[in-house]
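Here is a short walk through one structure, for a reader who has not seen it before. Please look at the sequence and the model first, then read on.

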Amino acid sequence: MQTENPAIDAKLVHVAEQWPHDHPLISCRFDPTGRFLFACSEDSTIQRWELAGKTRTPFAGHASWPRDVAFTPSGETMISCGYDDSLIWWETASPEPKPVRVVKAHERWIDGVAVSPDGRFVASAGSDRAVRLWNIADGSPIREFTGHAKHVYSLLFHPSGEFLLSGDLGGQVHQWEIATGKCARTIDATGLWSYNGGQAVDYGGVRSMAWNADATQLVCSGLREASNPLGAVNDPFILRFSWDKGEKLRGHVVADVKGVAWNAAFHPLGFLVACSGGSGGGWLLFWNADDDQAFHKFQLPNTARGMSLHPDGIQVATAHHDRHARISRLVAKPA
Amino acid sequence: MRCAYACGSNDHRLARRDFLGGLGGLGTLAGLGLVTGDLFAFLRPAAAKQMAAEQKRVLVINMHGGLSQLESWDPKPGTPTGGPFRSIPTSVPGTHISELLPKTAGVMHHLSLIRGLNTSEDDHGKGAYLMLHGRRQSPANDIPEIGAVMARTLESSDGNGLPGHIKITAGGGGGRGNDAAYLGPRYASISLGNGNPPQYATRPDDLSAEQDARRQNLRRLANERFLSRRRTAMTDAYTYTFEQALRLMEQRSVFDLSKEPEQDHARYGAHDFGRHCLLARRLLENGITFVQVSHSNYDTHNENFQFHLEQMGEFDGPFATLIQDLVDRGLFDSTLVIVLSEFGRTPGINQLYGRDHWSKAWSVCVGGAGVQRGAVLGKTNEHGTEVIEGQVDHGNLFHTYLSAVGLDSTESFDIGGRPVPLADPASKPIREILA
């Protein structure tokens with residue numbers, strides 16, 4: 001990861017490239033080597049762009065929309081999850097990608113997929129409220145973590161490999177012991193959830209989670225102030241917690257932006273970056289650790305649905321409804 | 001203003017059903033001035049049971065906000081408009097519905113789908129109005145909702161004294177609706193807010209039964225004296241409301257869901273819609289003519305799929321259980337079941353993963369009394385943007401509902417000597433869906 005580039009400045013962010021596809025995009029991830037960008041699409045494919053040549057390769061295998069992807073630490077294997085109940089194993093760099101293994105992992109949607117730091121396990125979670133652990137080597141089930149009362153949206157392994165976090169629609173973040181399956185504690189992120197009595201709907205939830213560099217802090221992204229959930233009237237919101245005590249440290253907000261913070265990530269330089277999409281359009285948002293308010297916001301050409309930070313610390317990819325993946329750069333535009 | 005009621009005609013006191021052939025040769029008794037309830041006193045118990053079984057009922061499930069036809073009755077998987085959900089086979093060979101309805105899929109042989117609906121109205125209020133009235137709203141022409149029409153035309157003769165028009169709402173309080181127009185408040189809905197019994201249906205603790213009876217007798221005495229000279233529609237409504245309230249108080253247990261077995265509560269689910277469906281079963285079993293259950297909310301401009309996943313997940317089990325229970329208890333053939341909404345949702349998926357209002361090509365589900373089993377009528381194109389076969393509208397549906405329960409939908413109410421059509425005279429029933 002590039003951390004010492006003096007040219008990086010979030011306030012210089014600009015869209016450097018945009019890559020078209022035939023259908024709206026749902027989410028995106030750089031692979032660990034930074035060679036590829038993968039984006040899940042509404043045509044049930046995963047699209048791979050090679051950054052160097054801009055070549056695009058489809059990964060076809062899901063029977064419904066793929067939702068997210070995760071990589072083994074080496075980047076050799078990618079595992080995707082979808083709304084077709086399935087996890088699919090792929091060779092990340094294959095010139096002619098085909099599913100290596102398909103595992104029917106849940107009933108209905110799988111929203112979250114994550115690979116353990118040692119590359120031995122993949123975790124999945126979804127609308128059946130289950131969190132499951134699988135052996136990456138053969139796809140066999142290892143353990144199920146039960147306890148969520150609502151749809152599970154996001155997963156995150158602790159860097160130690162001892163714990164798995166799962167965040168749900170209700171704003172509950174369960175900390176599971178990998179070795180025993182027990183819930184060690186629950187972190188209260190209910191500030192990201194609300195129930196609207198007039199519309200009779202639950203809304204919000206933990207849409208993504210991320211660690212800071214030394215894993216002493218955890219952030220959960222989503223939304224707040226949902227005055228009209230069915231009409232997308234809500235504000236992006238990020239909760240920051242201390243890991244040792246599980247206490248809320250701060251709630252990060254931004255003025256005059258409506259939407260959902262679909263993804264959040266810590267930049268190697270320490271600031272927090274998130275993408276927001278919704279009725280207020282697409283934005284890249286930036287916060288310092290000690291401030292509630294964003295120190296910078298940058299409007300994207302279209303609503304954003306997913307974000308990934310490149311290992312170089314310069315490029316930020318976003319997935320968009322207008323059938324484009326975009327690469328924004330956190331450095332000055334070329335002269 | 002004095003109304004025609006003051007003419008003293010029996011027409012306004014006799015339920016239409018009493019008067020029509022449903023009671024066979026006993027019509028003459030009705031003609032002699034027997035009021036509802038007295039009639040059964042002349043019947044042998046077996047005959048009374050048979051008549052009760054033939055009594056038609058109507059259950060409407062109102063998917064408030066605009067149910068997506070693509071996430072329910074008319075899925076288009078694998079197309080750009082289809083969204084992420086797949087379709088699943090049902091108990092009717094060749095008929096597929098959304099995977100969000102696995103339990104409903106298992107009872108589809110009891111139900112039919114109308115997939116060619118084009119109502120051309122994308123406004124919530126106007127769409128709801130035309131789906132529940134069968135006609136467009138007109139300031140010059142206040143017409144009753146389907147529940148009032150059914151309550152009036154199918155009014156039970158078993159003398160149970162219960163209201164014929166009940167709405168079980170997702171929230172709110174209770175009270176009386178203003179939805180019966182010229183049929184009068186007798187047929188206006190009584191809302192059971194969140195499934196709770198009608199408001200003020202218990203005698204105050206500090207009022208003894210004897211005191212209450214004396215009070216009511218005094219009221220009746222004053223009423224009779226007043227009505228003997230100055231009877232109007234308003235005084236009739238006033239009197240009826242009092243008497244109905246008293247009968248409701250006597251039969252309050254009909255609304256008491258705790259009387260249902262614990263295992264049935266478990267089967268229907270520990271959430272509002274499950275309880276409301278169980279209550280609907282209880283009300284229908286107790287002879288209430290029209291029951292409407294609302295399920296909210298489907299107005300999913302944002303995160304349509306997420307919200308439908310949650311909402312349809314809640315709908316599917318209780319609805320399928322209710323259908324099967326009606327079948328098992330011998331009520332289904334006499335109960336018209338309608339699952340409707342104010343419109344459907346756009347085939348196009350917006351940038352918020354939402355679907356907007358779409359009335360040009362959508363679906364309703366019907367079943368039970370008078371309609372075919374396992375039929376699919378109408379067809380939309382590949383992307384669900386247009387009806388390409390069997391197009392119908394709200395007027396056709398309203399005629400069909402009336403026909404399904406054995407009424408002649410071209411008939412008229414006699415309102416003060418003026419004929420008022422039950423349904424839009426310019427429309428007609430969907431014969432192909434009728435049994």
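Helices and strands here are DSSP runs, with at least four residues for a helix and at least two for a strand, numbered from the N terminus. Counted this way, chain B has twelve helices and 17 strands. The model is a predicted one.

Chain B has 435 residues, and 49% of them are buried. Among the contacts in chain B with a separation of 6 or more, 71% join residues 24 or more positions apart.

The domain assignment splits chain B into domain 1 (1-47), domain 2 (55-197 + 259-433) and domain 3 (204-255). Between the C-alpha centres of domain 2 and domain 3 of chain B there are 35 Å. Where these two domains touch, domain 2 of chain B supplies twelve residues and domain 3 of chain B eleven. The domain 2 side of that contact consists of six nonpolar, three polar and three charged residues.

The two chains also meet. Chain A gives 20 residues to the contact and chain B gives 16. On the side of chain A that touches chain B, nine residues are nonpolar, ten are polar and one is charged.

Turn now to a sheet in chain A. Strands of a sheet pair through backbone hydrogen bonds, either parallel or antiparallel. This open sheet has four strands in the order β20-β21-β22-β23 (chain A), with antiparallel pairing. At its edges are β20 (208-211) and β23 (248-252) of chain A, each paired on one side only. On average, neighbouring strands of the sheet are turned by 25° against each other, direction ignored. Strand β22 (residues 233-242) of chain A pairs with β23(A) over four bridges, in the antiparallel sense. A:Leu239 is found opposite A:Gly251 in β23(A).

Technical notes:
Residues are numbered from 1 along each chain as its sequence is written. Chains are lettered from A and ligands numbered from 1 in the order in which they are written. This is a predicted model: local features need pLDDT of at least 70, side-chain atom pairs count only at pLDDT 80 or more; totals for chains, interfaces and linings use all residues. A residue is buried if 20 or more other C-beta atoms lie within 10 Å of its own, exposed if 12 or fewer, and partly exposed in between; C-beta atoms are placed from the backbone. Two residues are in contact if their C-beta atoms, placed from the backbone, lie within 7 Å. Ala, Val, Leu, Ile, Met, Phe, Trp, Tyr, Cys and Pro count as nonpolar, Asp, Glu, Lys and Arg as charged, and the others, Gly among them, as polar. Domain bounds come from an automatic or database domain assignment. Two strands pair if DSSP finds at least two bridges between them. Axes are lines fitted to C-alpha atoms, for helices over the stretch in contact, and angles run from 0 to 180 degrees between N-to-C directions.
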